[in-house]
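Q: I would like to take a close look at a single part of this protein and understand how it is put together. Please go through it slowly, one step at a time.

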Amino acid sequence: MKKITSTLLAGFVMLSGTGVSAAAGSDIRLLINGQAVQTDIPLQMVKGRALAPVRTVAEHLGASVKWDEEKKTVFITKGNQKANVANTYANDTNEIKLVINGKEVKSDVSPAIIGGRTMVPVRTIAEELGSTVEWNEAKHTVWIANRIVNPAASDFHGQGMITFSYDDGLDSFYDRALPLHEKFGMPATLNVIAGRIKDGANTEFLEASQIKDAYDRGVEIGSHAYSHYDPLTSNNDGDLEFELAKSKEILLGIVPKVDSLSIPFSDYDNRVREVAKKYYKAVRVFEHQQNNLPPDDPYWLHTAIAVTNEMTFDQIKLRIDEAVKNKKWCIIMLHGIDPDAGDLYEIKPELLEQILEYVNDLGRDKILPVNTIDGLTIATQKRGK
Ligand SMILES: [Zn+2]
């Protein structure tokens with residue numbers, strides 16, 4: 001015990017000797033899945049590596065932490081880790097070791113005890129747990145991202161809501177939008193044209209495995225009908241039934257839940273609505289309006305803005321600010337995300353990132369990001385329906 005204490009102390013002195021102090025590191029912010037995370041000991045910069053309390057980081061990433069004082073080892077486990085390596089693991093050095101999911105992980109900067117907390121390089125632990133890490137120099141922020149955070153009903157207290165609703169099931173959602181949504185922990189709804197899922201056909205549309213993966217990563221999968229050829233209002237009764245029932249059936253073969261529908265071309269009437277009610281809990285159309293909270297009609301959810309390549313960030317910001325101010329639900333309709341944004345309904349990833357960052361900076365207490373079905377459920381529950 002005495003030996004350990006003196007070693008830890010030596011570690012601390014050594015860190016102090018490099019000119020690192022708590023005050024110097026205290027302005028480094030830590031964001032995990034878009035949320036600011038407070039640590040009891042401030043992050044420290046050591047040889048270009050940000051060190052953070054291991055327990056805070058690991059637990060925010062869904063891992064559990066065990067500190068073995070005798071072995072001077074931090075054991076981190078995530079998921080169904082079977083073998084209890086803690087029993088067999090030996091540390092015959094004086095350094096603090098990091099064992100993640102049974103494997104010893106080394107980093108160029110060693111873990112250290114600072115202020116009674118085991119501090120580890122953030123990048124090492126986050127990457128080992130499958131997250132991405134970014135250092136933002138301008139904002140002095142360590143940014144860890146790994147998952148979309150869908151809110152709980154208790155996160156809603158009457159503030160505005162926002163939903164990013166992507167139509168058509170385009171592959172750019174998977175490649176460009178999803179990583180950005182994960183970076184900011186921001187929910188999304190992906191409305192898939194079920195008849196255009198063609199595995200291996202190399203089209204602009206998503207394959208089933210990508211839809212499943214997006215769902216597993218926290219994205220709501222909605223239906224955008226089966227064919228998207230003719231407006232639904234022009235379908236005869238049989239075709240209309242097929243469009244709405246078949247698309248749901250196909251999607252349910254890929255993911256376990258499909259509760260919302262977005263209307264192709266926003267071409268909608270009461271007849272379509274009645275059929276939609278048989279299969280879905282929510283329907284999104286386009287009328288350039290904000291929704292009340294709770295919405296007046298779950299089968300007539302309005303889109304506040306359809307984003308095009310002719311739009312500026314300020315135009316979109318205006319609608320978001322409006323929802324914050326008036327405590328409304330702002331549903332934003334998006335399509336492709338492409339660096340060229342050659343198509344009217346395509347926007348550049350930079351613009352999407354700017355929008356997501358803006359919403360993230362506003363904070364969940366001002367505007368709660370939700371997918372379509374969660375937004376409806378949460379807003380309705382709150383009014384004691
Ligand atoms: Zn569409």
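In particular, which residue stands opposite Asn 191 in S15?

A: In this predicted model, the residue that stands opposite Asn 191 in S15 is Gly 222. To see where this pair belongs, it helps to begin with the strand that carries Asn 191, namely strand S14, which covers residues 189-192. Strand S14 pairs with strand S15, made of residues 220-223, in the parallel sense, and four bridges hold this pairing. Between the two strands the chain leaves S14, passes through helix H6 (residues 208-216) and arrives at S15, which makes a β-α-β crossover that is right-handed.

Strand S14 also has another partner, strand S13 (residues 160-168), to which it is joined by four bridges, and these strands too run parallel. Here Tyr 166 is the residue that stands opposite Leu 190 in S14. The chain crosses from S13 to S14 by way of helix H5, residues 171-183, and this β-α-β crossover is right-handed.

The side chains of the strand can now be considered. In a regular strand, side chains alternate between the two faces of the sheet. In strand S14, Thr 189 and Asn 191 lie on one side, while Leu 190 and Val 192 lie on the other, and all of them are buried, so that both faces of the strand are covered. Asn 191, with which the question began, is thus a buried residue of S14 and stands opposite Gly 222.

Note on methods:
Residues numbered from 1 in each chain as written. Predicted model: local features only at pLDDT ≥ 70, side-chain atom pairs only at ≥ 80, totals over all residues. Heavy atoms only, no water. Buried < 20%, exposed > 50% of the residue type's maximum accessible area, 1.4 Å probe, protein only. Pairing = 2+ DSSP bridges. Right-handed = clockwise from strand over helix to strand, strands pointing away.
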